[in-house]
There are 2 protein chains.
Amino acid sequence: MFILHRRPAEPKEGTFMSTTNTGVPASLRDHQLPSPIPIGEYERCPVTDVLRRVSDKWTLVLVTLLGRHPYRFNELHRAVEGISQRMLTRTLRTLESDGLVEREVFPTLPPTVEYRLTPLGVSLLEPLSALADWAVDHHAEIASVRQRTI
Amino acid sequence: MFILHRRPAEPKEGTFMSTTNTGVPASLRDHQLPSPIPIGEYERCPVTDVLRRVSDKWTLVLVTLLGRHPYRFNELHRAVEGISQRMLTRTLRTLESDGLVEREVFPTLPPTVEYRLTPLGVSLLEPLSALADWAVDHHAEIASVRQRTI
DNA sequence: CAGAATCCGTGGAGATACTG
DNA sequence: CAGTATCTCCACGGATTCTG
């Protein structure tokens with residue numbers, strides 16, 4: 001349905017990582033090209049869209065923190081060391097306009113603003129965990145490969 | 001262990017989305033702040049690291065395509081309409097140096113180069129699918145919220 | 001065919017100062 | 001406390017040209 005959504009077939013032993021390399025590229029032996037991806041469809045692919053939203057510098061840290069409990073603005077500012085006020089505001093506003101975070105203002109003096117995940121935001125924690133698990137499981141391997149190829 | 005890896009506790013009904021709002025922010029009622037995140041530790045968090053690698057403009061499209069079968073350079077160039085040669089090369093090189101993609105050169109004339117996922121790259125397809133499923137399931141909701149708040 | 005090299009525009013992001 | 005307003009810098013990424 002969507003470009004990045006069709007789960008690719010599990011590689012069968014002996015075909016994907018072929019050991020019987022005869023010097024001919026696999027793509028020449030098995031020459032069935034998928035039709036080119038129309039640019040318009042790529043732009044509208046929700047997976048790409050969501051991925052790009054979620055993957056800026058601060059979004060995931062904030063979503064993860066807010067997954068623990070609600071935070072006030074300056075609590076987040078202190079918790080996420082290194083983030084600027086500007087980026088904290090911007091990221092929270094984006095999350096809010098995407099419906100992942102809600103913002104509640106309490107009429108106190110000085111003002112108190114609280115941020116929390118919406119149910120939609122909570123639902124995102126699940127797939128993020130899967131990716132987080134993968135990262136934790138494989139980051140050592142990635143690091144070693146990276147070092148070897150420098 | 002890592003900042004973005006501890007799966008947050010499942011929200012209990014009536015506590016997370018409290019309906020008995022007495023005008024006092026939840027973070028003032030339940031005031032147990034996690035210790036601030038040291039900047040050094042944040043930088044080294046593998047989850048953040050991996051997310052940032054994976055989330056540039058072309059990586060996911062390429063990983064997904066290569067999940068189907070191996071591709072030659074210009075096959076990818078045609079398949080991913082809109083990508084420049086420069087970015088295709090750069091993205092593939094990064095994927096290679098991270099151990100997610102391997103590059104094989106065949107001594108033909110003109111040269112033939114084939115790209116395929118490594119086992120590590122294949123293992124990434126799984127968690128990506130989870131995120132893709134989430135995106136497909138919720139992108140309409142996000143879009144409607146987004147429109148409402150513009 | 002599979003790139004390398006170069007130039008260049010744009011937006012993501014930090015730093016700083018100010019305010020209701 | 002919770003922001004807004006500016007200025008600035010640089011990395012991302014596109015276009016073009018050239019080559020073994």
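I count a pair of N or O atoms within 3.5 Å as a polar contact. With that cut-off I opened the entry on A:R86, where a polar side-chain atom lies 2.6 Å from a base nitrogen of DNA strand C. I note at the outset that this is a predicted model.

**Entry 1. DNA strand C**

I looked up which residues surround DNA strand C and found 22 of them, the closest being A:R86, A:M87, B:N74, B:R103 and B:Y115. I then checked which part of the strand faces the protein: sugar and phosphate account for 63% of the atoms of DNA strand C that come within 4 Å of the protein.

For the phosphates, I recorded two contacts from chain B. A polar side-chain atom of B:R72 is 3.3 Å from a phosphate oxygen of DNA strand C. B:V113 uses its backbone instead, with an N or O atom 3.2 Å from a phosphate oxygen of that strand.

Which elements supply at least two residues each to the surface near DNA strand C? I listed α6 (85-97) from chain A, and α5 (73-79), α6 (85-97) and β3 (112-117) from chain B. By class, I found eight nonpolar, six polar and eight charged residues on this surface.

**Entry 2. DNA strand D**

I turned to DNA strand D and found 21 residues around it, of which A:Q85, A:T89, A:R103, A:Y115 and B:R86 come nearest. Here sugar and phosphate make up 60% of the strand's atoms that come within 4 Å of the protein.

I examined three polar contacts from chain A. A polar side-chain atom of A:Q85 lies 2.9 Å from a base nitrogen of DNA strand D. A polar backbone atom of A:P111 is 3.2 Å from a sugar or linking oxygen of the strand. A polar backbone atom of A:V113 is 3.2 Å from a phosphate oxygen of DNA strand D.

The elements giving two or more residues to this surface are α5 (73-79), α6 and β3 (112-117) of chain A, together with α6 of chain B. I noted that α6(A) gives the most, with four residues. The surface near DNA strand D divides into eight nonpolar, five polar and eight charged residues.

**Entry 3. α4 against α6 in chain A**

Having met α6 at the DNA, I asked what packs against it within each chain. In chain A, helix α4 (residues 59-66) packs on α6(A) at an angle of about 70°, with the axes 10 Å apart. The two helices are therefore roughly perpendicular to each other. I recorded the crossing of α4(A) and α6(A) as right-handed.

From α4(A), the contact is made by A:T59, A:L62, A:V63 and A:L66, and from α6(A) by A:L88, A:T91, A:L92 and A:L95. I counted by class six nonpolar, two polar and no charged residues in this contact.

**Entry 4. α4 against α6 in chain B**

I repeated the search in chain B. The axes of helix α4 (residues 59-66) of chain B and α6(B) come within 10 Å and cross at roughly 70°. That angle makes α4(B) roughly perpendicular to α6(B). The crossing of α4(B) and α6(B) is right-handed.

I found B:T59, B:L62, B:V63 and B:L66 of α4(B) meeting B:L88, B:T91, B:L92 and B:L95 of α6(B). The contact of α4(B) with α6(B) holds six nonpolar, two polar and no charged residues.

**Entry 5. The loop before β3**

I next inspected the loop leading to β3. In chain A, the peptide bond from A:L109 to A:P110 is cis, with omega near 0°, and A:P110 is found in the loop between β2 (101-106) and β3. In chain B, I found the bond from B:L109 to B:P110 to be cis, with omega near 0°; B:P110 lies in the loop between β2 (101-106) and β3 of that chain.

**Entry 6. α7 against α7**

Finally, I looked at helix α7 (residues 119-148) of each chain: the axes of α7(A) and α7(B) come within 10 Å and cross at roughly 165°. Are the two helices roughly parallel or roughly antiparallel? They are roughly antiparallel, and I base this on an angle over 145 degrees. The crossing of α7(A) with α7(B) is left-handed.

Among the residues of α7(A) in the contact I noted A:L120, A:L124, A:L131, A:W134 and A:H138, and among those of α7(B), B:L120, B:L124, B:L131, B:W134 and B:H138. By class, this contact has 16 nonpolar, four polar and two charged residues.

Notes. Residues numbered from 1 in each chain as written. Chains lettered and ligands numbered in written order. Predicted model: local features only at pLDDT ≥ 70, side-chain atom pairs only at ≥ 80, totals over all residues. Heavy atoms only, no water. Near = heavy atom within 4 Å. Polar contact = N/O pair within 3.5 Å; in protein donor to acceptor, adjacent residues only side chain to side chain. Nonpolar A, V, L, I, M, F, W, Y, C, P; charged D, E, K, R; others polar. Axes fitted to C-alpha atoms, helices over the stretch in contact; angles between N-to-C directions. Parallel < 35°, antiparallel > 145°, perpendicular 65-115°, else oblique. Left-handed = near helix turned anticlockwise from the far one by under 90°. Contact = heavy atoms within 4.5 Å.
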